Amino acid sequence: MHVLDFEKPIAELEGKIEELRHLAGGDVNIADEVGRLQAKVDKLLRSTYAKLTPWQKTQVARHPERPHALDYIRALIEDFTPLAGDRCFGEDRAIVGGLGRFRGSTVMVIGNEKGSDTESRLKHNFGMAKPEGYRKARRLMEMAGRFGVPVLTLVDTAGAYPGVDAEARGQAEAIARSIEACLDIRVPLISVVIGEGGSGGAIALAAGNAVLMLEHAIYSVISPEGCASILWRSGEAAKDAAEALRLTAQDLHKLGVIDQVVPEPLGGAHRNPDLTFKTLSLAIDSALRDLAGVEGGVLRARRREKFLQMGRTGPV
Amino acid sequence: MNWLTNYVRPKLQALVRPKEVPENLWRKCPACGHMIFHRDLEKALNVCQHCGHHLRLSVGKRLEMLFDDGKFQRIELPKTADDPLKFKDQKRYTDRLKEARAKTGEQDAVVVAHGKMGGIGIVVAAFNFDFQGGSMGVAVGEGIVTAAELAVLQDAPLIVIPASGGARMQEGILSLMQMARTTVAVERVKEKGLPYIVLLTDPTTGGVSASFAMLGDIAIAEPAAVIGFAGARVIETTIREKLPEGFQRAEYLLDKGMVDMVVPRAELRATLVRLLSLLRNRGPAGDLLTLPLDTPDAFPEDSARL
Ligand SMILES: [Zn+2]
């Protein structure tokens, strides 16, 4: 497993346990020692993860082994049927989407996919979408609206792709229209920030009736590095920028920007993906139940009113 | 609605503006390098008479230039919380705000005004680039929302004039949320059947371009204005792509199908007046056409064919 800097003491202990097991072979006498070390690991994980700094959370949110959109889709969605293309220009694999069943009911799932190894990262352009990705998202949201199917978005992107071709095809307009679609559809829209919620590329999929965020996910107007290089004129200040931006799920919940923080397993989603899937499944189910039976026009009006008030209520 | 009654005449603003110091009598054109006498520049609406370069225009001048007889009423915007995140980089955000307010005499980066254009009542929200680069925080969002609400209330078209580098970083996620917020606001104007026109000026980038600024019924851009999502420097440094000639300029966007027209400043008012008139005074044929669409079975012969 990829070890983050602040996880090194934990990894060392885990290494010791491995070593002990390896040396002892079938010897049962080491059980006590292993148990003692494991207890130490758990204690250290608990204390470390209970007080992660915003910068550490940024690292966890970007952990290469953290589950990505397709992992959640595989775990939570049956009969997933991917749909492709924006019908204008092309198919952008940085945004995956399609129909499937969540706990028996049809949903439209749309998510940023970062990829999990070199090949898939390239295929999904590291989760950085181009206009065709946002236009596909819009198309799928509108389709869901026509069929009365709830939409589930899984947000995990460093941001929209900053490239010449993306600009040439109207990146700004594509994002704006995707936000507009989020705010326009007459079906429930549940958005979950599963990893990194990066700027306009994230809000394009995240203007939902309910916005959930995993415990160690981040969501920000700009990356800490980007903010540091502009305001501190040094990328080194990313740590300070992460603090100042208030990008953690806990801070965003306090600010009233998100509706719910979904707990992660001890040591983060990457240490126990199955438990993460289970917890999130329950949270999504409950969010969908809250909106079940609400008339489409009301769903839309409530969603719009919620975003119309953002910031109006003043500081927390 | 006290914000409706409070207004400032443009003439009054002119009086309180600081006197021009002698070295400001001449201005160098950033495009061609010619020295331009300030009166000539003012007369030409800040357009260089040598090369046609459009220099930035102050909000006050912009509004004067657009409204009939230069007359408009400014709307006092509802107060929003300063510094909702208690943000501090190398400087406190509250100090940056104080400086920007002292420099511009404005509360934040957007000015909302109403008045007539070609005799048609309109609401305008114009950005002040001098205030923190026209960046969008909660106060700017409030300005757009207020302008949109006023347009609906007055049954008037809405014209928004962005000049903004994008989000106000110091307001973090709340600034990002203004993208969704302003989108709802302008959608409400459009749903009322009111024209929503965006006049894109230099620069319109980032979160501002990726929300209300790209949602206009009609998008007009000033010549050579930089319009785009990602900053050119970001594209160069992160993707290491070579930028094509004229990249993210108004003419480039016109060519790519992202704006309806590029209009020189001198022709802006006439263009807007004509568009407003076409959309608002449609004449008998125009009015008739919209009626049957709302009526069921408006085209019985069509349904018979089905
Ligand atoms: Zn010139």
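1. Starting with chain A: residues 24 or more positions apart account for 71% of its contacts with a separation of 6 or more. Here two residues are in contact if their C-beta atoms, placed from the backbone, lie within 7 Å.

2. Before going further, a word on what you're looking at. This is a predicted model, where local features need pLDDT of at least 70, side-chain atom pairs count only at pLDDT 80 or more, and totals for chains, interfaces and linings use all residues. Residues are numbered from 1 along each chain as its sequence is written, while chains are lettered from A and ligands numbered from 1 in the order in which they are written.

3. Chain A has 14 helices and eight strands; these are DSSP runs numbered from the N terminus, with helices being H or I over at least four residues and strands E over at least two. Its radius of gyration is 21 Å, close to the 20 Å from the globule rule for 316 residues, so chain A is as compact as a globular protein of that length. (The radius is taken over C-alpha atoms, and the rule is 2.2 Å times the number of residues to the power 0.38.) The C-alpha trace spans about 65 × 50 × 40 Å along its principal axes.

4. Of the 316 residues in chain A, 50% are buried, meaning that 20 or more other C-beta atoms lie within 10 Å of the residue's own (exposed is 12 or fewer, partly exposed in between; C-beta atoms are placed from the backbone).

5. Now the interface: 48 residues from chain B meet 42 residues from chain A. On the chain B side, helices H6 (138–154), H7 (172–191), H8 (206–209) and H9 (232–239) each give two or more residues. H7(B) has the largest share, with 14 residues.

6. By type, that side of chain B divides into 28 nonpolar, 13 polar and seven charged residues. Nonpolar covers Ala, Val, Leu, Ile, Met, Phe, Trp, Tyr, Cys and Pro, charged covers Asp, Glu, Lys and Arg, and the others, Gly among them, are polar.

7. Have a look at strand S5 (residues 120–127) of chain B too: six of its eight residues are buried. Strand S4 (residues 110–117) of chain B runs antiparallel to S5(B), joined by eight bridges; pairing takes at least two DSSP bridges. B:Val112 stands opposite B:Ala125. The two strands form a hairpin with two residues between them, and B:Gly118 in the turn has a positive phi of about 60°.

8. S5(B) also pairs with strand S6 (residues 158–161) of chain B, in the parallel sense over four bridges. B:Val124 has B:Ile159 as its bridge partner there.
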